[in-house]
Amino acid sequence: MTATPPQPRVNWQAATITGTDAENARTRTLQLQVPGWPGHQAGQHVDVRLTAENGYQATRAYSLAGAPGEDPALTVVRAEGGEVSPYLVDVIQTGDQVELRGPIGGYFVWKPGPRRRPVLLLAGGSGVVPLRAMLRHRARLGDDTPMRLLYSVRSPEQVIYRRELAGQADRVSLLYTRTTPPGWPRPPARLDHTALAGQAWPPEQAPLAYVCGPTTFVEHAAGLLTDLGYTPADVRTERYG
Amino acid sequence: MPPIDGNAAAGTLAAFFGRDMTAAHGLCAACDQHAPLAEALLYGPAAGTALHCRTCGNLLMTMIEAPGGIIGAMPGLTRLDTRPAGGV
């Protein structure tokens, strides 16, 4: 028997900013209040639309940062020269409104399955956002699905959710690609076969993988997983521009 | 702007089809690649949405959100399948 997925909400509606949290110098989490929010799945996103005074509109997709059952929240990284993210990171304030459509997406989503297949989360930079929602979902449920996050990031200054992830050292590993914290045991390095093989569930355990980050990271990481013996259909990907 | 992927088109696809389509599988008319629309190449952001086959680059589908509705075309898809895992 197959459950019918909830119908996506496809009409634009006003969302009110109820709070903001600085994650790092170029990243901010916006807490939202959305009338009639139906709840979301871990990994889903929303479209945000801004309208200029002259009527020009710009729309971008942003992953939902919180777990299902939590109020909607977006973590946005400023893209220099961008049309939408600089406004969301630097300008918008509590009480302001944006237009929003969602939650949407049924491919890059995770919920506990009956077989408790182990889950490997691979994040490149801001790609950590939907994967953090999956970690939080598992934790809130008290679910025992084996889950591990490998988070590739350029430097300590660019880590998002630093404190939250530091509290889960048993299932979260950081891989610095350009600069490490002082005394870090590993020199900066790109994700490679050795680093991945040390973290990945063996293919015999029928793992699922979720890979999210810049296109080059996703292609690279998905290729490494295939080399390790992961089934391509069990490697779900989401590419950020 | 580098290509992203079909996940970013989820909103437009849902507005067009009334359901999630990122997990739906499309069959490329040029190379027979059978893959979720989430895996398609998307160049953007732009006024319209164009999805290309990740394997061969063929233009699969276009959508433009216009006042009052959406105008779509699927010149490069011979099949679109919403069964779980595309029926595989």
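This passage walks through two sheets, one helix and the contact between two chains in a predicted model.

A good place to begin is the open sheet of chain A, in which six strands follow one another in the order E4-E3-E6-E1-E2-E5 with antiparallel pairing. Strands of a sheet pair through backbone hydrogen bonds, and they may do so in a parallel or an antiparallel way. The edges of the sheet in chain A are formed by E4 and by strand E5 (73–77), each of which pairs on one side only. On average, neighbouring strands here are turned by 40° against each other, leaving direction aside.

Strand E3 (residues 45–51) of chain A can be followed to its partners on either side. Towards E4(A), seven bridges join the two antiparallel strands, and one residue pair to look for is Val48(A), whose bridge partner in E4(A) is Arg60(A). The hairpin that E3(A) and E4(A) make has five residues between the strands, and Gly55(A) there takes a positive phi near 95°. Towards strand E6 (residues 97–104) of chain A, four bridges are found, again with an antiparallel run. His45(A) stands opposite Ile104(A) of E6(A) in this pairing. Although E4(A) pairs on one side only, five of the seven residues of this strand (residues 57–63) are buried, so E4(A) is largely enclosed by the rest of the structure.

Chain A also offers a helix that is pleasant to inspect, H5 (residues 215–228). Its 14 residues should span 20 Å at 1.5 Å a residue, and the C-alpha atoms at its ends are indeed 20 Å apart, so expectation and model agree. The buried residues of H5(A) are Phe217(A), Val218(A), Ala221(A) and Leu225(A). Looking down the axis of H5(A), these buried residues fall within an arc of 95°, so they line one face of the helix. The general pattern behind such a face is simple: an α-helix has 3.6 residues a turn, so residues three or four places apart point the same way. Turned away from the buried side of H5(A) is a face with the exposed residues Thr216(A), Gly223(A) and Asp227(A). The cover over the buried residues of H5(A) includes four strands of chain A: E7 (119–124), E8 (147–153), E10 (208–214) and E11 (235–240). Just after H5(A) comes Gly229(A), with a positive phi of about 110°.

Chain B has an open sheet of its own, made of three strands in the order E3-E2-E8 with antiparallel pairing. Strand E3 (34–36) and strand E8 (77–81) of chain B stand at its edges with a single partner strand each, so one side of each has no neighbour in the sheet. Neighbouring strands of this sheet are turned by 25° against each other on average, with direction ignored. Three bridges link strand E2 (residues 25–28) of chain B to E3(B) in the antiparallel sense, and Leu27(B) has His34(B) as its bridge partner in E3(B).

Finally, the two chains meet: 21 residues of chain B are in contact with 23 residues of chain A. On the chain B side, strand E1 (4–5) and helix H1 (10–17) each supply at least two residues. The largest share of that side, four residues, comes from H1(B). By class, the side of chain B that touches chain A has 14 nonpolar, three polar and four charged residues. The sheet of chain A returns here, as H1(B) lies across E3, E4 and E6 of chain A and runs at about 70° to E6(A).

Conventions: Residues numbered from 1 in each chain as written. Chains lettered and ligands numbered in written order. Predicted model: local features only at pLDDT ≥ 70, side-chain atom pairs only at ≥ 80, totals over all residues. Buried ≥ 20, exposed ≤ 12 C-beta atoms within 10 Å, placed from the backbone. Pairing = 2+ DSSP bridges. Axes fitted to C-alpha atoms, helices over the stretch in contact; angles between N-to-C directions. Contact = placed C-beta atoms within 7 Å. Nonpolar A, V, L, I, M, F, W, Y, C, P; charged D, E, K, R; others polar. Expected span 1.5 Å × (residues − 1). Arc of directions from axis to C-beta.
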